[in-house]
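Please report on the salt bridges and on one strand of the structure shown here. Keep it short and give the cut-offs.

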Amino acid sequence: MSEEVAQGQAPTEDIGNPVVEVHDLTVAYGTKPVLWDIDLKLPANRLIAIVGPNGAGKSTLLKSILGLVKPLTGWSQLFGAPLSKHRSWIGYVPQRESVDWDFPTTALDVVTMGLYGEMGWLRRPKAHHREKALSCLAKLGIEELASRQISQLSGGQQQRVFLARALAQDARLYLMDEPFVGVDATTEHAVLQLLQNLRAEGKTVIAVHHDLQTVAEYFDHVVLLNMRLIAAGPVSTTFTEENIQRTYGGRLTALSQAAEALLSEGKIDRR
């Protein structure tokens, strides 16, 4: 019997060449373990949800994949190579709460920032760049807000502006940190439609997601995370009651075990 089946996880699908591969990934902030010994392969051309309780390391996993957080151990690859080889293929949508929405700029300017890889830094956008940015706003249904200051937008409108910016990058892989949080029903529908369109175009989306009730409706593939990888695979076979209970229970026990293991290996300092 395989270790995966012995631990009660659903058998994973054969994903061929993974779009993301993570091996032996451990991350800690000071003496607090956040991710512990993660091994993960994710398939291309899927809508992939990362779910787990608060503090489970979901956002940290995204940031580690993007090179924004340095791991204690392990590595990640995108499209079979280090991030530096394919950085232009990646689009990132951070949590809305992490953005300074008081910065004096318009919605159109924000979306145009997604074209800097195409335009070159410090170069003024040309007419066709602005037309492309406007078309991305239109795909999110907010082209009429192009000249509006971002501080004057609602939370849902702000989220759609950042999604339009990622769309402007024309990436192959999109990493999104809770794109459905704090938005109204209209925005949620627009975001879902965008994700489905990206999948239809052969793109891959990996999204941190908090609403368990919509996982099966919105996503094809799921990663259940609680500091350690609980299970990963197609929603139909992996998003089970047993795996959900294992993901959302035992948080304190897992933290204690991880901290002691990292201390014994000298990877973190008790101070």
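The report takes the charged pairs before the strand.

This is a predicted model, where local features need pLDDT of at least 70, side-chain atom pairs count only at pLDDT 80 or more, and totals for chains, interfaces and linings use all residues. Residues are numbered from 1 along each chain as its sequence is written, and side-chain values use heavy atoms, with hydrogens and water left out.

**Salt bridges**

A salt bridge here is a side-chain nitrogen of Lys or Arg within 4 Å of a carboxyl oxygen of Asp or Glu. By this rule the count comes to four. The table lists three pairs, among them Asp37 with Arg228.

| Acid | Base | Closest N and O atoms |
|---|---|---|
| Asp37 | Arg228 | 4.0 Å |
| Asp170 | Lys203 | 3.2 Å |
| Asp220 | Arg199 | 2.6 Å |

Asp37 forms a salt bridge with Arg228. That pair links distant parts of the chain, with Asp37 in strand β2 (residues 32–42) and Arg228 in strand β9 (residues 228–234), 191 residues apart. Helices (H or I, at least four residues) and strands (E, at least two) are DSSP runs, numbered from the N terminus. For accessibility, buried means under 20% relative accessible area, exposed over 50%, and partly exposed in between (1.4 Å probe, protein chains only). Asp37 is partly exposed at 33%. Arg228 is partly exposed at 36%.

Asp170 forms a salt bridge with Lys203. Asp170 sits in the loop between α6 (155–168) and β6 (173–177), and Lys203 in the loop between α7 (185–200) and β7 (204–208), so the pair ties together parts 33 residues apart in sequence. Asp170 is partly exposed, at 47% relative accessible area. Lys203, at 11%, counts as buried.

Asp220 forms a salt bridge with Arg199. Asp220 lies in the loop between α8 (215–218) and β8 (221–226), Arg199 in helix α7, and the two are 21 residues apart. Asp220 is partly exposed at 26%. Arg199 is partly exposed at 27%.

**Strand β3**

Why is strand β3 (residues 47–51) largely enclosed by the rest of the structure? Because five of its five residues are buried. Both faces are covered. Leu47, Ala49 and Val51 are buried on one side, Ile48 and Ile50 on the other.

Two strands pair if DSSP finds at least two bridges between them. β3 and β7 pair in the parallel sense over four bridges. There, Leu47 stands opposite Val205 in β7. β3 and β8 also pair in the parallel sense, over four bridges. Ala49 stands opposite Val222 in β8.
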